[in-house]
Amino acid sequence: DKWDSKTILENHGIPVPKGAVSQNLDDAKKSIDKIGFPLVLKPLDGNHGRGVTVGIEDLDHFTLAFEAAKSQSRNGYVILEHMLTGNDYRVLVINGKMVAAAHRLPAHITGNGKNTIRELIERENENPLRGYGHENVLTEITVDHQTERLIENAGFTLDSVLSEKEVLFLKTTANLSTGGTAVDITDEVHPANVHIAEIAIQLIGLDVGGVDIVAPDLTTPLNENGGGIVEINAAPGFRMHLQPTTGLARNVAE
């Protein structure tokens, strides 16, 4: 339960984004002024980033995102949160100690001045490290409504050609299950942030837990850089630590 988890952390002084929870679209809209755009909407219960929409700036997008989140929630509850600015990080805590940390990047492609966006996605999916679902180190990138909207918002179509070294993000969340990649940053995490992650998992009562943080960086304390914990994971994936796209591999399974 994402809302219960968030409330427990907030009550113990751990930085989390301000938010609200609702089953009803009209009631949810009334919370917007209190929370403020840009917004993140997500189902009360769920995983793998399903039903999560970030970067919501207007009511039309809000309405679509609310329905997407509601459809993924078993009891129809949707969480609204103010969107924190920064990067997406995962800190893994096992038996009360942080054992690894990764900077997660959403699925993306880099232009070469020759191939279309469609061709670049196909080429990236031919990467032998990518597979279907969780069968490989990385997951194939699918072109869904979210991807199409991001391409359109960037002023492109699937047949557009990106210039040399131009990066285009294809998802709004950095889950590996939607094609994201990971960079190991275990040795760079500030001791204050290590402590916050360990306390958060202890408060929720997990032996193995993943702490999702959005912040400008993890080299400075969250209470100084405006970052916060956006989610706690009771069944965190190990792929990003065992075989990060960049950086040291950490044998967290052992």
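**Buried salt bridges and an open sheet**

Arg104 is buried, its relative accessible area being 5%. Keep in mind that this is a predicted model. Arg104 is a good way into the structure, since it leads to both the salt bridges and the sheet. There are 14 salt bridges here, and an open sheet of five strands goes with them.

**Arg104 and its partner**

- The side chain of Arg104 meets that of Asp212 in a salt bridge, at 3.5 Å from N to O.
- This pair links distant parts of the chain: Arg104 sits in strand 6 (residues 97-105) and Asp212 in strand 12 (residues 208-215), 108 residues apart.
- Asp212 counts as buried too, with 8% relative accessibility.

**A salt-bridge network**

- Lys2, Lys6, Lys42, Glu81 and Glu231 are joined into one network by salt bridges that share partners.
- Within that group, Glu81 and Lys6 meet through their side chains at 3.4 Å, N to O.
- Glu81 belongs to strand 4 (residues 78-82) and Lys6 to helix 1 (residues 2-11), so this salt bridge ties together parts that are 75 residues apart in sequence.
- Both ends are out of the way: Glu81 is buried at a relative accessible area of 4%, and Lys6 is buried at 7%.
- Glu231 and Lys42 also form a salt bridge with their side chains, again given as 3.4 Å from N to O.
- Here the pair ties together parts that are 189 residues apart in sequence, because Glu231 lies in strand 13 (residues 228-233) and Lys42 in strand 2 (residues 39-43).
- Glu231 has 17% relative accessibility and still counts as buried, because the cut-off is under 20%.
- Lys42 comes in at 3% relative accessibility, so it counts as buried by that cut-off.

**The five-stranded sheet**

- The strand order is 11-6-5-12-13, the sheet is open, and the pairing is antiparallel.
- Strand 11 (181-184) and strand 13 are the edge strands, each pairing on one side only.
- On average, neighbouring strands of this sheet are turned by 30° against each other, with direction ignored.
- Strand 5 (residues 87-94) pairs with strand 6 in the antiparallel sense over seven bridges.
- Looking at one position, Tyr89 has His103 in strand 6 as its bridge partner.

**A helix across the sheet**

- Helix 7 (residues 191-204) lies across strand 5, strand 6, strand 12 and strand 13.
- Relative to strand 13, helix 7 runs at about 45°.

Key:
Residues are numbered from 1 along each chain as its sequence is written. This is a predicted model: local features need pLDDT of at least 70, side-chain atom pairs count only at pLDDT 80 or more; totals for chains, interfaces and linings use all residues. Side-chain values use heavy atoms; hydrogens and water are left out. A salt bridge is a side-chain nitrogen of Lys or Arg within 4 Å of a carboxyl oxygen of Asp or Glu. Helices (H or I, at least four residues) and strands (E, at least two) are DSSP runs, numbered from the N terminus. Buried means under 20% relative accessible area, exposed over 50%, partly exposed in between (1.4 Å probe, protein chains only). Two strands pair if DSSP finds at least two bridges between them. Axes are lines fitted to C-alpha atoms, for helices over the stretch in contact, and angles run from 0 to 180 degrees between N-to-C directions. Contact means heavy atoms within 4.5 Å.
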